[in-house]
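Here is a friendly briefing to read alongside the structure. Have the viewer open and follow along topic by topic.

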Amino acid sequence: MVRNPRRRDLRMKTDETHPARPEDLDADGASPWPVRRTMQHNRDVKREAVIRAAARAFNARGYHHTSIDEIAAALNVTKPTIYYYVANKEQLLLECILTGLERVLEPFRRPRAPGVSARERLNEIIRHYAQAIASEFGGCMVRAEDLGLAPESMARIKELKSEIDQSIRRLLDEGARDGSISTPDPKMTAFALAGALNWIAHWYRENQSMTAAEIAEAFVRIFNDGLTPRIAAAARSKP
């Protein structure tokens, strides 16, 4: 009987993408094939590396002046490898932007520890936001509107940016209620906070004297203390 080699190849590929069965284990109990969970983890790590490399290239040369070939060369892989993870360069840019925005949103979505005031929560948010903007994804985030993305991509980006804005406003409102924050206009305060933090992407470079964490702490001090001298502020607060 003549065996079908194509059917055998198909069976081998199927075996490689499924967890090992007990009968597949060797005498020591170790499977020669990786389980699906490990393969998915490796794929996620490689996909993240592609997105990071793209973000760095877009920041260095600009989106329109960066080719997929250059991104592949930076990773020492071929162009088809990049296309295994994304359909085209626009999708790669969108993934860079969404990755950055999700980083900004991550602390908003975490449950808050008991006893933490809105002011303390806001300081945590500012630190996280500043470091996200100072990362390789910051430049893509703040320039998203100028890069000619498709309307459906821009709609997703605006949705996440709106979530960030509304989350800051809610935190400011909460701070006004618990007495930890004083702001006459939460909307304008939220605009000022986000605008100042977003601008970090325009001037921050990794080789500067301050690290991203140090810049984040500096922004916390500025937003907490403002520009009013402490003595004058204390004098005005006396009856």
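The notes below cover the core, the helices, the cysteines and a few backbone details.

The model is predicted. Its largest nonpolar core has 60 residues, and a search of the whole structure finds 0 disulfides.

**The nonpolar core**

- Within the largest nonpolar core, the residues that touch the most other members are Ile-71, Leu-92, Ile-157 and Ile-200.
- Helix 5, residues 89–109, supplies the largest share of this core, with 10 residues.
- Take Ile-157 as a place to start looking: beyond its neighbours within four places in sequence, Ile-157 is in contact with Leu-94, Ile-97, Leu-98, Leu-101, Ala-144 and Leu-149.

**A buried glutamate in helix 5**

- Glu-95 lies in helix 5, and it counts as buried because its relative accessibility is 16%, below the 20% cut-off.
- Setting aside neighbours within four places in sequence, Glu-95 has contacts with Arg-47, Ile-51 and Val-86.

**Helix 6 and its partners**

- Helix 6 runs over residues 118–133, and its 16 residues should span 22 Å at 1.5 Å a residue; the end C-alpha atoms are 22 Å apart, so the expected and modelled spans agree.
- The buried residues of helix 6 are Ala-118, Arg-121, Leu-122, Asn-123, Ile-125, Ile-126, Tyr-129, Ala-130, Ala-132 and Ile-133.
- These buried residues pack against helix 5, helix 7 (138–142), helix 8 (151–178), helix 9 (186–198), helix 10 (200–203) and helix 11 (212–225).
- How do helix 6 and helix 8 cross? Their axes come within 8 Å and cross at roughly 150°, which means that helix 6 is roughly antiparallel to helix 8.
- On the helix 6 side of this pairing are Ala-118, Arg-121, Leu-122, Ile-125 and Tyr-129. They meet Ile-164, Ile-168, Leu-171, Leu-172, Glu-174, Gly-175 and Asp-178 in helix 8.
- As background for reading such a list, an α-helix has 3.6 residues a turn, so residues three or four places apart point the same way.

**Helix 11**

- The 14 residues of helix 11 should span 20 Å at 1.5 Å a residue, and the end C-alpha atoms are 20 Å apart, which agrees.
- Ala-212, Ile-215, Ala-216, Ala-218, Phe-219 and Val-220 are buried in helix 11.
- Helix 6, helix 9 and helix 10 are among the elements that cover those buried residues.
- Gly-226 follows helix 11 and has a positive phi, near 70°.

**Two cysteines without a bond**

- Why is there no disulfide between Cys-96 and Cys-140? The closest cysteine sulfur to that of Cys-96 is in Cys-140, 4.6 Å away, which is too far for a bond; the cut-off for a disulfide is 2.5 Å.
- Seen from the other side, Cys-140 is in no disulfide either, and its nearest cysteine sulfur is that of Cys-96.
- Buried or exposed is a fair thing to ask of Cys-96 and Cys-140. Cys-96 is buried because its relative accessibility is 0%, and Cys-140 is buried because its value is 3%.

**A positive phi at an asparagine**

- Asn-76 is not a glycine, yet it has a positive phi of about 60°.
- Where is Asn-76 found? It sits in the loop between helix 3 (68–75) and helix 4 (79–85).
- Asn-76 is exposed, because its relative accessible area is 72%, over the 50% cut-off.

Conventions
Residues are numbered from 1 along each chain as its sequence is written. This is a predicted model: local features need pLDDT of at least 70, side-chain atom pairs count only at pLDDT 80 or more; totals for chains, interfaces and linings use all residues. Side-chain values use heavy atoms; hydrogens and water are left out. Buried means under 20% relative accessible area, exposed over 50%, partly exposed in between (1.4 Å probe, protein chains only). Helices (H or I, at least four residues) and strands (E, at least two) are DSSP runs, numbered from the N terminus. A nonpolar core is a set of buried Ala, Val, Leu, Ile, Met, Phe, Trp, Tyr and Cys residues joined through side-chain atoms within 4.5 Å. Contact means heavy atoms within 4.5 Å. The expected span of a helix is 1.5 Å times one less than its number of residues. Axes are lines fitted to C-alpha atoms, for helices over the stretch in contact, and angles run from 0 to 180 degrees between N-to-C directions. Angles under 35 degrees count as roughly parallel, over 145 as roughly antiparallel, 65 to 115 as roughly perpendicular and the rest as oblique.
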